[in-house]
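This report walks through a protein model together with its nucleic acid partner. Please keep the sequence and the structure in view while reading.

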Amino acid sequence: MKVATYNVNGVNGHLAVLLRWLEEYKPDIVCLQEIKAPQEKFPEKVIRDAGYGVIWHGQKSYNGVAILARGSDPVETHRGLPGDPEDLHSRYLEATVADLTIGCLYVPNGNPAPGLKFDYKLRWFERLTLRAAELVKRTAPVVLAGDYNVIPTDIDVYKPERWVDDALFRPESRKAYHQLVEQGWTDSVRKLHPKERVYTFWDYFRNAFGRDAGLRIDHLLLNPALAPRLKKAGVDREVRGWEKTSDHAPTWIELTKK
DNA sequence: ATGCCGTGGAAACCACGA
């Protein structure tokens, strides 16, 4: 079974690429971020016609997340991250598909840092860590997948020195990510590719993709109940080279049957 | 060194992204 996360940077603007990727790569479960569409403008019909059940949490212009499951409807368990009723951003959606629980998340970017946006990012990450503490200890399998907007280590960025003051790479952000992982999560791509350079995002400009000037910021974390089933992990890099594509590439894991 | 490109929405620019 293949589980993927993909920041689409506008589900309608990049719908053709999303549909082609679903058709050609046939992921079983997909977490989308940055759908950038209000609830009523999500392209539900074409996604269902492509063979996927889907739930989504939209928002006008910004953010927005969705969970797709091939051949079945995800059963929603949480909409929004608990802990702050005043936070109206659509950044977290949780569901079960068969026995698997999926948390789909879009961590705030946080730039410029320091500042209010960076404070919001760190507060949001604290709330995520609280939710994750409950999920990690379950005896049933859980995957937390999404755009974490955190570059975990030096080998996850083409040129670390250029990113030292950036909200994606500042010590506070990396510390938050590492504290989350240390609850017992497995960073699946890094687990199976411990020393390799694996990027999931490339800027649109300066020919970043052509130069392979990328970042690894999209992650799939597995709880201990699921980690033994991790078989493969990777990035569908070629999708980043398609016309009218997102600046992220789909990032995925393959799980063995239980 | 830098939103240089791109989406979405409103109103021919602006917010936001990483």
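## The surface near the DNA

How many residues surround DNA strand B, and which are the closest? The model is predicted, and in this model 26 residues surround DNA strand B, the closest being Gly10, Gly13, Lys36, Asn111 and Phe205. By character, the residues of this surface divide into 10 nonpolar, 9 polar and 7 charged.

Two of these closest residues, Lys36 and Asn111, also have a backbone feature that deserves a careful look. Lys36 lies in the loop between β2 (29-33) and α2 (44-49), and its phi is near 50°, a positive value in a residue other than glycine. Asn111, for its part, is joined to Pro112 by a cis peptide bond with omega near -5°.

## Unusual backbone geometry

Most residues other than glycine have a negative phi, and most peptide bonds are trans. Against that background, the loop between β7 (100-106) and α3 (116-136) holds Pro112 and also Pro114. The bond that leads from Asn111 into Pro112 is cis, and the bond from Ala113 to Pro114 is likewise cis, with omega near -5°.

Positive phi values occur at Lys36, near 50°, and at Ser61, near 75°. Is each of these residues buried or exposed? Lys36 counts as buried because 21 other C-beta atoms lie within 10 Å, where the cut-off for burial is 20 or more. Ser61, which is found in the loop between β3 (52-57) and β4 (65-70), counts as exposed because it has 9 other C-beta atoms within 10 Å, and the limit for that class is 12 or fewer.

## The open sheet and its edges

An open sheet of 6 strands follows the order β5-β6-β7-β8-β12-β9, and its pairing is mixed. Its edge strands are β5 (75-79) and β9 (186-187), each of which pairs on one side only. At the β9 edge, the partner is strand β12 (residues 218-222), and the two strands run in the antiparallel sense over 2 bridges; here Asp187 has Leu221 in β12 as its bridge partner.

## Strand β7 and its neighbours

Within this sheet, β7 pairs with a strand on either side. Strand β6 (residues 92-97) pairs with β7 in the antiparallel sense over 6 bridges, with Val97 standing opposite Leu100. The two strands form a hairpin with 2 residues between them, and Ala98 in the turn has a positive phi of about 55°. Strand β8 (residues 142-147), in contrast, runs parallel to β7 and is joined to it by 6 bridges, with Thr101 opposite Val142. The chain segments β7, α3 and β8 make a right-handed β-α-β unit.

How many of the residues of β7 are buried? The strand is mostly covered, with 7 of its 7 residues buried. In a regular strand the side chains alternate between the two faces of the sheet. In β7, Leu100, Ile102, Cys104 and Tyr106 point one way, whereas Thr101, Gly103 and Leu105 point the other way, and all are buried.

## Strand β2 and its partners

Strand β2 is largely enclosed by the rest of the structure, because 5 of its 5 residues are buried. Both of its faces are covered, with Ile29, Cys31 and Gln33 on one side and Val30 and Leu32 on the other.

Strand β1 (residues 2-7) runs parallel to β2 and is joined to it by 5 bridges, among which Asn7 has Gln33 as its bridge partner. The chain passes from β1 through helix α1 (residues 15-25) to β2, and this β-α-β crossover is right-handed. With β4, on the other hand, β2 pairs in the antiparallel sense over 5 bridges, and there Gln33 has Val65 as its bridge partner.

## The nonpolar core

The largest nonpolar core contains 71 residues, and those touching the most other members are Val3, Leu32, Ile35, Val65, Ile67, Ile102 and Val143. Among these, Leu32 belongs to the covered strand β2, and Ile102 is one of the buried residues of β7.

Which residues does Val3 contact, once its neighbours within four places in sequence are left aside? Its contacts are Asp28, Ile29, Val143, Ala145, Leu220, Trp252, Ile253 and Leu255.

How values were computed. Residues are numbered from 1 along each chain as its sequence is written. Chains are lettered from A and ligands numbered from 1 in the order in which they are written. This is a predicted model: local features need pLDDT of at least 70, side-chain atom pairs count only at pLDDT 80 or more; totals for chains, interfaces and linings use all residues. Two strands pair if DSSP finds at least two bridges between them. Helices (H or I, at least four residues) and strands (E, at least two) are DSSP runs, numbered from the N terminus. A residue is near a molecule or strand if its C-beta atom, placed from the backbone, lies within 6 Å of it. Ala, Val, Leu, Ile, Met, Phe, Trp, Tyr, Cys and Pro count as nonpolar, Asp, Glu, Lys and Arg as charged, and the others, Gly among them, as polar. A nonpolar core is a set of buried Ala, Val, Leu, Ile, Met, Phe, Trp, Tyr and Cys residues joined through C-beta atoms within 7 Å. Two residues are in contact if their C-beta atoms, placed from the backbone, lie within 7 Å. A crossover is right-handed if, with the strands pointing away from the viewer, the path from the first strand over the helix to the second runs clockwise.
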